[in-house]
Amino acid sequence: MTSVSDTHRSGFACFVGRPNAGKSTLTNALVGTKVAITSSRPQTTRHTIRGVVHRPDAQLVIVDTPGLHRPRTLLGQRLNDLVRETWSEVDVVGLCVPADQPVGPGDKFIAAELKKIAKSTPVIGIITKTDLVSQDVVGQQLLALQEIMEFTELIPVSAVDGFQVETLTQLLVDRLPRGPQLYPDGELTDEPEATLVAELIREAALEGVRDELPHSIAVTVEEMVPHPGRTDMIDVHAVVYLERDSQKGIMIGHKGARLKQVGSTARKHIESLLGTKVYLDLHVKIAKDWQRDPKQLRRLGF
Ligand SMILES: Nc1nc2c(ncn2[C@@H]2O[C@H](COP(=O)(O)OP(=O)(O)OP(=O)(O)O)[C@@H](O)[C@H]2O)c(=O)[nH]1
């Protein structure tokens, strides 16, 4: 007889693909809770956030990386290094291409990089967002995708309506080595809470000003402590960093109205993440050209 421990599999997977391919949304669909931060704009995933899929027979740890892009700044270079490092460490990679956009140079670039860096890692070709197009288009996408590299599997999925999400989980699990659970039950992310909280604040701060302040916002959580005299509330002290003085007005808004809105939106999300009431204290500071300054990057956690 074989016991569960003989057949249990565990290991790591990551999704790659050009910005907006649907990687974070797919991670959330697999894990079943909002862990990675999604947005309709590219390059919002700055940290490696892991979601864990728990099954009786397997544990799949999903590493969510930022998209690979042309490194114009030091931050860009660091992000690219992080992506490459991740690729060579995982057991299986999912290359995501959205169903509603032609397979193009961006996808070919990533495929070529994968072939170079992750030579022996199996790659599953994934057509995402199938709910947006007809079956014919999905078929054409699959044909176009299989031209760009050799995949161990090809699969169309939709994170929105759940189409084939379970099947994809199985394909990923099949590529994991035999091994015990890596994380205790119920643990959905190993990202420190403060990082997740900072991401939620950054997401709220970007809302509505993405065009004006595309990549200029960084958030640090200085302190998370119980509210004095209360057991049901946490005080979060955070700083929103901008690159230039001229951006301050946009962030704060007329008589502070915008910052207040940002705080209230972020607070609601933090409360549901932590499951407790939150008092959020937000400050805005300028860290001149933080994206280009190694010292500041380190301080801001990159
Ligand atoms: N209709 C539909 N939209 C989707 C699906 N998956 C993702 N999206 C949308 O596509 C956009 C990008 O999704 P993300 O998950 O943030 O994409 P990403 O690849 O993680 O993007 P980066 O973090 O920029 O690399 C968001 O507006 C999502 O809501 C899907 O299955 N169907």
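**Figure 1. The hairpin of strands S7 and S8 in the predicted model.** Two strands are said to pair if DSSP finds at least two bridges between them. In this predicted model, strands S7 and S8 are joined by eight bridges and run antiparallel. Within this pairing, Pro226 has Ile234 of S8 as its bridge partner. The two strands form a hairpin in which six residues lie between them, and Gly229, in the turn, takes a positive phi of about 80°.

**Figure 2. Helix H7 and the elements that pack against it.** Helix H7 covers residues 193-206, and since its 14 residues should span 20 Å at 1.5 Å a residue, the 20 Å found between its end C-alpha atoms agrees with that expectation. Ten of the 14 residues of H7 are buried, so the helix is largely enclosed by the rest of the structure; among the buried residues are Leu196, Val197, Leu200 and Ile201, and the charged-type names Glu199 and Arg202 also appear in the set. The buried residues of H7 pack against strand S7 (218-226) and strand S8 (233-242), and also against helix H8 (248-252) and helix H9 (257-274). Just after H7, Gly208 takes a positive phi of about 85°.

**Figure 3. The nonpolar cores.** The largest nonpolar core of the protein has 41 residues, and those with the most contacts inside it are Val16, Val93, Leu95 and Leu114. Strand S4 (residues 92-98) supplies the largest share of this core, namely five residues. A second, separate core has 25 residues, including Val221, Ile234, Leu242 and Ile270. In a closer view of Leu114, this residue touches Val16, Trp87, Val93, Leu95, Val123 and Met149, when residues up to four places away in sequence are not counted.

**Figure 4. Thr152 in its loop.** Thr152 is found in the loop that lies between helix H5 (135-148) and strand S6 (153-156). With 14 other C-beta atoms within 10 Å, Thr152 is partly exposed, because that count falls between the limits for exposed and buried residues. When residues up to four places away in sequence are left out, Thr152 touches Pro122, Val123 and Ile124. The C-alpha atoms of Thr152 and Val92 are separated by 9.8 Å, although these residues are 60 residues apart along the chain.

**Figure 5. Two residues with positive phi, Asn20 and Gln164.** Most residues other than glycine have a negative phi. Asn20, which is not a glycine, nevertheless has a positive phi of about 75°, and its place is in the loop between strand S1 (9-16) and helix H2 (23-31). Asn20 has 21 other C-beta atoms within 10 Å and is therefore buried, the cut-off for this class being 20 or more. Gln164 likewise is not a glycine and has a positive phi, of about 65°; this residue is found in the loop between S6 and helix H6 (165-174). Gln164 has 17 C-beta neighbours inside 10 Å and so counts as partly exposed.

**Figure 6. The protein as a whole.** The protein has ten helices and nine strands, and 37% of its 302 residues count as buried. Among the contacts between residues at least 6 apart in sequence, 69% join residues that are at least 24 apart.

Methods
Residues numbered from 1 in each chain as written. Predicted model: local features only at pLDDT ≥ 70, side-chain atom pairs only at ≥ 80, totals over all residues. Helix = DSSP H or I, 4+ residues; strand = E, 2+ residues; numbered from the N terminus. Expected span 1.5 Å × (residues − 1). Buried ≥ 20, exposed ≤ 12 C-beta atoms within 10 Å, placed from the backbone. Contact = placed C-beta atoms within 7 Å. Core = buried A, V, L, I, M, F, W, Y, C linked by C-beta atoms within 7 Å.
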